[in-house]
Amino acid sequence: ALPDNVNDLEFHPTNPMIIYATTRATFIPSTFDYFFVSTNGGATFTQMTAPIDAIAGTTQVTVSPNNPDIAYIAAYPGGQADTKQGGKVMKYTQSTNTITIVTPVTYTFPMPYWSLAGAWDFRIEVDPNDANHLFHGCVWTHESFDGGATWNLTSVPHADVHDIKWQ
């Protein structure tokens, strides 16, 4: 069963039996973020990661219809409101059951001044037509065209990003 601190759920676009879930860490008691996968429509979930370097932070998941074998997991480091670093992004490949880090916690996001601020506002979304085109939003919005290896600042001025949807 999933813990009670589920933060995000995404369904595989072509197979409703596959469900991805992330948890949000809590302050009391202190917990970590995790990524889970269900292959039986949510009857059971398997924890796929060790703690995601985000104690008391938040974690999101997104999957593109363009390549439903890939899900991206983004974690925001808790307790770091004044940072340009820490927004780790991982890529989960369902067919091989593997996770790779595409944006390490040491990556410095380009922005005019500090604050990923993801404990309050945080989202990652993938283009439904291009699995390598990502948006990462917190106080600032960043865009990647290479699956999260590099990011460009796309929004100024400051605007909290609580959700991103394609039209």
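Reader: Over how many bridges do β10 and strand β11 (residues 141-144) pair?
Author: This is a predicted model: local features need pLDDT (the predictor's confidence in each residue, from 0 to 100) of at least 70, side-chain atom pairs count only at pLDDT 80 or more, and totals for chains, interfaces and linings use all residues. Residues are numbered from 1 along each chain as its sequence is written, and side-chain values use heavy atoms, with hydrogens and water left out. Strands are DSSP runs (E, at least two residues; helices are H or I, at least four), numbered from the N terminus, and two strands pair if DSSP finds at least two bridges between them. β10 and β11 run antiparallel, and their bridges number four.

Reader: Which residue in β11 stands opposite His136?
Author: A hairpin of three residues joins β10 to β11. Across the pair, His136 faces a residue of β11. That partner is His142.

Reader: Which residue in β10 stands opposite Glu125?
Author: β9 pairs with β10 as well, antiparallel and through five bridges. The two form a hairpin with two residues between them. Opposite Glu125 stands Phe135.

Reader: Why is strand β10 (residues 130-137) largely enclosed by the rest of the structure?
Author: Burial is judged by relative accessible area: buried is under 20%, exposed is over 50%, and partly exposed lies in between (1.4 Å probe, protein chains only). β10 has eight residues, and it is largely enclosed because the number of them that are buried is six.

Reader: Is Cys138 buried or exposed?
Author: Cys138 sits in the loop between β10 and β11. Its C-alpha atom is separated by 6.6 Å from that of Arg123, 15 residues apart along the chain. Its relative accessibility is 1%, so Cys138 counts as buried.

Reader: Which strand gives the most to the largest nonpolar core?
Author: A nonpolar core is a set of buried Ala, Val, Leu, Ile, Met, Phe, Trp, Tyr and Cys residues joined through side-chain atoms within 4.5 Å. The largest one has 12 residues, among them Tyr72, Phe122, Cys138 and Trp151. β6 (70-76) and β9 (123-127) each supply at least two of its residues. With four residues, the top contributor is β6.

Reader: How many residues are in the other core, which includes Ile18 and Phe35?
Author: This core lies apart from the largest one. Ile73 and Met90 are also among its members. Its residues number 10.

Reader: What are the edge strands of the open sheet with the order β1-β2-β3-β4?
Author: Four strands form this sheet, with antiparallel pairing. Inside it, four bridges join β2 (residues 19-23) to β3 (residues 35-38), and Ile19 stands opposite Ser38. An edge strand here pairs on one side only, and the two that do so are β1 (6-11) and β4 (46-47).

Reader: Which residues does Thr46 touch?
Author: Thr46 is in strand β4. Its relative accessibility is 46%, so Thr46 counts as partly exposed. Contact means heavy atoms within 4.5 Å. Not counting residues up to four places away in sequence, Thr46 touches Phe35, Phe36 and Val37.

Reader: What is the angle between the planes of Tyr20 and Phe35?
Author: Rings of Phe, Tyr and Trp (its six-membered ring) pair if their centres lie within 6.5 Å; planes under 30 degrees apart count as stacked, over 60 as edge-to-face and the rest as tilted. The structure holds four aromatic pairs. Tyr20 and Phe35 are a stacked pair, 6.0 Å centre to centre, and their planes differ by 15°.

Reader: How many residues apart in sequence are the parts that Tyr20 and Tyr92 tie together?
Author: Tyr20 and Tyr92 form an edge-to-face pair, with 5.9 Å between centres and 70° between planes. Ring pairs link Tyr20, Phe35 and Tyr92 into a cluster. Tyr20 lies in β2 and Tyr92 in β7 (residues 88-93), so the pair joins parts whose separation in residues is 72.

Reader: Which element has the highest mean pLDDT?
Author: The chain has a mean pLDDT of 78, and 69% of its residues reach 70 or more. Among the elements, β12 (residues 152-153) has the lowest mean, 84. The highest, 92, belongs to β3.
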